[in-house]
Amino acid sequence: MRSSMTSDQARQSRRAVLQAAVDAGAACARPDAPEPDAWFREDNEQQITWQARRTALIRFCKGCPLMAACQELALRNGDGNDRVDDLVRGGKSGQELAANRERQAVRIEAAITTDRAGDQEWNQLVTLSVRLQREAVKNPDKGGGGLRRQGAAQAAQNTQVRELTAQVNEIRTARRARTGWGEAA
């Protein structure tokens, strides 16, 4: 079953979601797809040769269920140039991507800003998860000092684990809600 992504869904998705979708199901990732280098104009390639190849590549993209996601990634990455016809991505030539990026500059800048904030959030989530794992495997009995001290150390460790777990869950819940996973995830 092929899943597709609409342009509106792609625009609302964060970079990691878009990239995961493209990596998992794009037509260009299939074994029968053109080679990765085929999506770029070769040095000294005749214009007429490139135009024919570009047309075939765009036609290939049109059949991809993730064309919108690929195009959105290309726009956010700044792919394409209005003066140079040298690539195809997301069913568009580089010049078409540059024109779209100019028309949608405000929206794309907002998406990039949100992506960057999400990256910071992801880094925070990873850092907290590592701290949680380290705290959970500590042995509070190691310090000696009798049962009372060991009990206090165990209680402090349990509190720290609960606090870290709550922070990790809070970030995960917020991230899932923003990406449409809802309560089930």
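Which residue forms a salt bridge with R76, and how far apart are the closest N and O atoms? The first view takes up that pair; all the views come from a predicted model.

**View 1. E72 and R76, a salt bridge inside helix α4.** The partner is E72, and the closest N and O atoms of the two residues sit 2.8 Å apart. E72 and R76 are 4 residues apart in α4, so about one helical turn separates them. Neither side of this pair is out in the open: E72 and R76 are both buried. The pair also belongs to a bigger set, since a network of salt bridges links E72 and R76 with R14, R15, R107 and D115.

**View 2. D115 and R14, another pair from that network.** Here the side chains meet in a salt bridge at 3.0 Å, N to O. D115 is in helix α6 (residues 105-137) while R14 is in the loop between α1 and α2, so the bridge ties together parts that lie 101 residues apart in sequence. What about exposure? D115 has 4% relative accessibility, so it counts as buried. R14, with a relative accessible area of 24%, is partly exposed.

**View 3. D8 and R11, a salt bridge within helix α1.** The N to O distance for this pair is 3.4 Å. Both residues lie in α1 (residues 7-12), 3 residues apart, or about one turn of the helix. D8 counts as exposed because its relative accessibility is 51%, where the cut-off for exposed is over 50%. R11 is partly exposed, at 32%. Over the whole model, the salt bridge count comes to 12.

**View 4. The largest nonpolar core.** This core has 13 residues, and those touching the most other members are M5, A10, L18, V22, C64, L66 and A69. Two elements, α2 (15-25) and α4 (67-77), give two or more residues each. The largest share is from α4, with 4 residues. Zoom in on V22: apart from its neighbours within four places in sequence, V22 contacts L66, A69, C70 and L73.

**View 5. The second largest pocket.** About 360 Å³ of space lies in this pocket. Its lining is made up of 22 residues, with C28, W39, C70, V88 and R89 nearest the centre. By type, the lining splits into 17 nonpolar, 2 polar and 3 charged residues. At least two lining residues come from each of α2, α3 (47-62), α4 and β1 (88-89), and α2 gives the most, with 3. C70 turns up again here: it is among the residues nearest the pocket centre and is also one of the contacts of V22.

Key. Residues numbered from 1 in each chain as written. Predicted model: local features only at pLDDT ≥ 70, side-chain atom pairs only at ≥ 80, totals over all residues. Heavy atoms only, no water. Core = buried A, V, L, I, M, F, W, Y, C linked by side-chain atoms within 4.5 Å. Buried < 20%, exposed > 50% of the residue type's maximum accessible area, 1.4 Å probe, protein only. Contact = heavy atoms within 4.5 Å. 1 Å grid on protein atoms, 1.4 Å probe; cavity = no way out; pocket = protein on both sides within 12 Å on 5 of 7 lines; lining within 4 Å. Points joined across faces, edges and corners; volume = space filled by probe spheres on them. Nonpolar A, V, L, I, M, F, W, Y, C, P; charged D, E, K, R; others polar. Salt bridge = Lys/Arg side-chain N within 4 Å of Asp/Glu carboxyl O.
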